[in-house]
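Me: I'm in my first year and I'd like a close look at a single part of this protein. Could you walk me through it slowly?

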Amino acid sequence: MKYNEELQYLRQIDKRKWILVVVLVAVTHLFCQTLILPYGNALRSLVSESKILVPEKISLSIRESSIMESAKVDESLLGTLSNFDDVHVLVHSLKTVDNGDVSEDGEIDEIVNEKEDVKLHSNNSVGRVLENDSDFVEDATIENDNLFDEVVDMDEETTMQNSVNHVRGSILQKNDERDLSLEQVVKPNGELSADSELDANRNSVLNDTKDASATNLSSVVATNHRDHLRSVTIDEINFVHSASNKSSTGDLTQFLPNHGNHSLVQSNTTVSSNGLMVMNSTVNKKMRCMLPPKTVTSISQMERLLVRHRARSRAMRPRWSSERDREILAARLQIENAPLLRNDRELYAPAFRNVSMFKRSYEIMERILKVYVYKDGEKPIFHQPIMKGLYASEGWFMKLMEGNNKFVVKDPRKAHLFYLPFSSRMLEHSLYVRNSHNRTNLRQYLKEYSEKIAAKYRFWNRTGGADHFLVACHDWAPYETRHHMEHCIKALCNADVTLGFKIGRDVSLPETYVRSARNPLRDLGGKPPSQRKVLAFYAGNMHGYLRPILLEHWKDKDSDMEIFGPMPSGVASKMNYIQHMKSSKFCICPKGYEVNSPRVVEAIFYECVPVIISDNFVPPFFGVLNWDTFSLILAEKDIPNLKSILLSIPEKKYLDMQLAVRKVQRHFLWHAKPAKYDLFHMTLHSIWYNRVFQTKAR
């Protein structure tokens, strides 16, 4: 009994010692935390950073961020920004901030740190207007929340390191024990007038450029000061890198890098009636679409790239052999040794790079090509084509491809090519969250789709997707399909070499504005050359940086150059626009926000010689057509000399070009029932043709 009491006593002593040790460790741990944790207080660090009440410290609540450190405010400065000696901010970007890691192929490997839940809309969501009811590509004003000044592309590589200084323009000085709530106000640039559906949704998030980092900084406005303590939050502001240890002087402009006229910072400081300083900072962002490209790939350089890529395929070697590969390789041998065609009744030989090879390739395609269309994917993103408007090209191809009994097979083992039947326009319509300034969920949706295809079928894994293709006309398609569909053949309207378009593998898809789904050939044709009295014509909205330059040099400057801005809305204006194209010798086709423009096909539609002014744009069907015979492709820097260049073209050459326009017109037309050599067959052939020259033997 005595031993039991002693043993129990010893146990109690040991228990007390352990409790003491635990308490000492806990106290030491909490003391250390007070030195290093974000809010200087261990208990406060356990509370959500977006709800902390700090009378003398302003917490920056950043959604989904992984690291957050405090910004200490020096009370001694009245009417100025606080001292940032203790600020250390390193957080993930909430909006789409892309770090450009250039691969050996010259493409941008984009890193996006934010993931959002994919919100699927029902089929009824298509009730929102997808097409412009107006038949006139110039006269409509699109009510579109997607047109905003969202992505900022800075010239200097150090922008990301310096951008943390932006925080200094968004924190207000506290005075008289009052906290001021900060609300982020994200405003669009205002309603932008679009060329009917031209650029309607393409420009809400601007695609990334090589060697450029993009960062977002929304306007921060101080509002709603209250007598009691409030939590101060700033949502969705991107900070990268640590803040420099410098005192602020109250002038916001000194903390932002100067990027010229396209990046203007305005700061207005006012004192309210209760003595509280309020600073409104407005940042006019420098958008990629408002700047000339950093690098320019000339047409001659594109020609060399095409020859090189045709001679040396970059596609992966298939993991196992296939009878279809052997058929394609045999077809390639026949195409390369095609008999010489001197005169062909169906094709206009000068308009082709090699009409003999094209003819033989087209014939083989018609004879042997088989395509498997994946049934996976739900409407409206999959299997629901748009037949009218700016993005009609992807819709018409989808409808005609899925309804084709000649090329489509039900057994994927018999297929040479595999079609991913999604609509990039419907993807944007269904999943993009209005005013969210974020496209990450769109790309994630396609990534999950491609992973599902790879897991369910064995065909994707055999070639890494190299025998799969997609057709997309929305300008976001290069971004949405990057990485996870990188090896696929992409038929894209936004054929920009600076955005990863691969010459020799990808296909430049003509952007066609279809005014009538029932009659896509309405108003086809134009006046004969002798009745075309106008030298050059352009009318349209001022999208991008190039069109204002065009108007600055030529609007109201010369009677031979009918260069206008936006034309008034209405049927009469629409007909006036069409008649101008039908009556002009040359139709100017400048780029808008992106390199592509529906005016190129419009000019051919109305038998007007197109003048393409868009650096880095790969013309449609570049792999087979010789654009020099029926168009002019000018560098953007040549705008001041535009008239002299046009006048320097001899009359004989112009007549030949105008004749060639009429001859190639058939290749740019949609038909309810596909016709030989029409736009459907030319698109499918270009995909087939590129696959033929990219196929490798096992």
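Which residue in β18 is the bridge partner of A536? Please start there and then take me around the neighbourhood.

Reply: Sure. Keep in mind that this is a predicted model. The residue you're after is F586: that's the bridge partner of A536 in β18. The two strands involved are β16, residues 534–538, and β18, residues 584–590, and they pair in the parallel sense over three bridges. As background, strands of a sheet pair through backbone hydrogen bonds, either parallel or antiparallel.

Now zoom out a little. β16 and β18 belong to an open sheet of five strands, and the order across it is β17-β16-β18-β19-β20, with parallel pairing. If you look for the edges, you'll find β17 (561–563) and β20 (632–634), each of which pairs on one side only. Going from one strand to the next, the twist averages 20 degrees.

What lies across the sheet? Helix α16, made of residues 651–664, lies across β18, β19 (609–613) and β20. Its direction is about 95 degrees from that of β19.

Just before β19 there's a residue to pause at. E607 is found in the loop between α14 (599–605) and β19. It has a positive phi of about 60 degrees, although E607 is not a glycine. Its relative accessible area is 12%, so E607 is buried.

You can spot a similar case elsewhere in the chain: H437, in the loop between α8 and α9 (440–456). Phi of H437 is near 60 degrees, again a positive value in a residue other than glycine. Is H437 buried or exposed? With a relative accessibility of 4%, it counts as buried, because the cut-off for that is under 20%.

Since we've mentioned α8, let's move to a helix that α8 helps to cover. Helix α7 (residues 392–402) is mostly covered, with nine of its 11 residues buried. Among the buried ones are W396, F397, M398, L400 and M401. The cover includes α8 (424–431) and α17 (679–694), along with the strands β11 (371–373), β12 (417–419) and β13 (468–472).

How do α7 and α17 sit against each other? They pack at an angle of about 85 degrees, and their axes are 10 Å apart. That angle falls within 65 to 115 degrees, so the two helices count as roughly perpendicular. On the α7 side, the contact is made by F397, L400 and M401, while α17 contributes F680, T683 and L684. Sort these residues by type and you get five nonpolar, one polar and no charged. A handy thing to remember here: an α-helix has 3.6 residues a turn, so residues three or four places apart point the same way.

Stay on α17 for a moment, since H681 is found there too. At 8% relative accessibility, H681 counts as buried. A polar atom of its side chain lies 2.8 Å from the backbone oxygen of A675. If you skip its neighbours within four places in sequence, H681 is in contact with Y362, M365, F407, P674, A675 and K676.

One last stop on the way back towards α7: the loop between β11 and α7, where P380 is found. The peptide bond from K379 to P380 is cis, with omega near 5 degrees.

Terms used
Residues are numbered from 1 along each chain as its sequence is written. This is a predicted model: local features need pLDDT of at least 70, side-chain atom pairs count only at pLDDT 80 or more; totals for chains, interfaces and linings use all residues. Side-chain values use heavy atoms; hydrogens and water are left out. Buried means under 20% relative accessible area, exposed over 50%, partly exposed in between (1.4 Å probe, protein chains only). Helices (H or I, at least four residues) and strands (E, at least two) are DSSP runs, numbered from the N terminus. Contact means heavy atoms within 4.5 Å. Axes are lines fitted to C-alpha atoms, for helices over the stretch in contact, and angles run from 0 to 180 degrees between N-to-C directions. Angles under 35 degrees count as roughly parallel, over 145 as roughly antiparallel, 65 to 115 as roughly perpendicular and the rest as oblique. Ala, Val, Leu, Ile, Met, Phe, Trp, Tyr, Cys and Pro count as nonpolar, Asp, Glu, Lys and Arg as charged, and the others, Gly among them, as polar. Two strands pair if DSSP finds at least two bridges between them. A polar contact is a pair of N or O atoms within 3.5 Å; within protein, one must be able to donate a hydrogen and the other to accept it, and residues adjacent in sequence count only if both atoms are side-chain atoms.
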